[in-house]
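Take a look at the model below. The walk starts at one residue and widens from there.

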Amino acid sequence: MGIIAWILIGLFAGLIAKALTPGKDPGGCLVTIVIGIVGGLLGGWLGKVIFGVDSIDGFFSLSTWIAAIAGSVIILLIYRVVAGQRSR
């Protein structure tokens, strides 16, 4: 997939991750996009390593979106822990 497709998936995956995880987030829109892109990459990598599945099949593939959203939720939770410790 191209970089623009990753940015689009990252944007939506980050927004969905924010909607799925309750609580206040210390970041704005740019952080959401970055979390989504990094989470999408993490989700794809974890899917390949743990389950042996090529989860990054294409833009409209359900497995791509599930991997991106799962990875985004993981990155968002890690970001909340790290950002929460800095603010204390």
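Thr21 counts as buried, because its relative accessibility is 7% and the cut-off for buried is under 20%. This is a predicted model, so read the values as computed from it. Where does Thr21 sit? It is found in the loop between α1 (3-20) and α2 (29-51). Its side chain reaches back along the sequence: the backbone oxygen of Ala17 is 2.8 Å away. Thr21 also has partners beyond its neighbours within four places in sequence. These are Val73, Leu76, Leu77 and Arg80.

Those partners lead to helix α3, which spans residues 62-87. Now the overall layout. The protein has three helices and zero strands. From the N terminus on, the order is α-α-α.

Next, the interior. Of the 88 residues, 36% count as buried. Nonpolar side chains tend to be buried together in soluble globular proteins. Which residues make up the largest nonpolar core here? There are ten: Ile9, Ala13, Ala17, Ile35, Trp65, Ala68, Ile69, Val73, Ile75 and Leu76. Two elements, α1 and α3, each give two or more residues to this core. Helix α3 gives the most, with six.

Some names now recur. Ala17, whose backbone oxygen is reached by the Thr21 side chain, is a core member. Val73 and Leu76, both in contact with Thr21, belong to the core as well.

Ile75 is another core residue. Leaving aside its neighbours within four places in sequence, Ile75 is in contact with Ile35, Val38, Gly39 and Leu42. Of these, Ile35 is itself listed in the core.

Follow helix α2 a little further, to Gly44. Is Gly44 buried or exposed? It is buried, because its relative accessibility is 8%. Gly44 and Thr64 are 20 residues apart in sequence, yet their C-alpha atoms are 7.2 Å apart in space.

Step back to the whole chain. Take the contacts between residues at least 6 apart in sequence: 70% of them join residues at least 24 apart. On the outside, the protein exposes about 5,400 Å². Carbon and sulfur atoms supply 75% of that area.

Last, how confident is the predictor? The average pLDDT is 75, and 76% of the residues score at least 70. Among the elements, α2 has the lowest mean pLDDT, at 76. Helix α3 has the highest, at 80. That helix is also the one that gives the most residues to the largest nonpolar core.

Definitions and conventions. Residues are numbered from 1 along each chain as its sequence is written. Side-chain values use heavy atoms; hydrogens and water are left out. Helices (H or I, at least four residues) and strands (E, at least two) are DSSP runs, numbered from the N terminus. Buried means under 20% relative accessible area, exposed over 50%, partly exposed in between (1.4 Å probe, protein chains only). A polar contact is a pair of N or O atoms within 3.5 Å; within protein, one must be able to donate a hydrogen and the other to accept it, and residues adjacent in sequence count only if both atoms are side-chain atoms. Contact means heavy atoms within 4.5 Å. pLDDT is the predictor's confidence in each residue, from 0 to 100. Accessible areas come from the Shrake-Rupley method with a 1.4 Å probe; for residues, only the protein chains shown count as cover. A nonpolar core is a set of buried Ala, Val, Leu, Ile, Met, Phe, Trp, Tyr and Cys residues joined through side-chain atoms within 4.5 Å.
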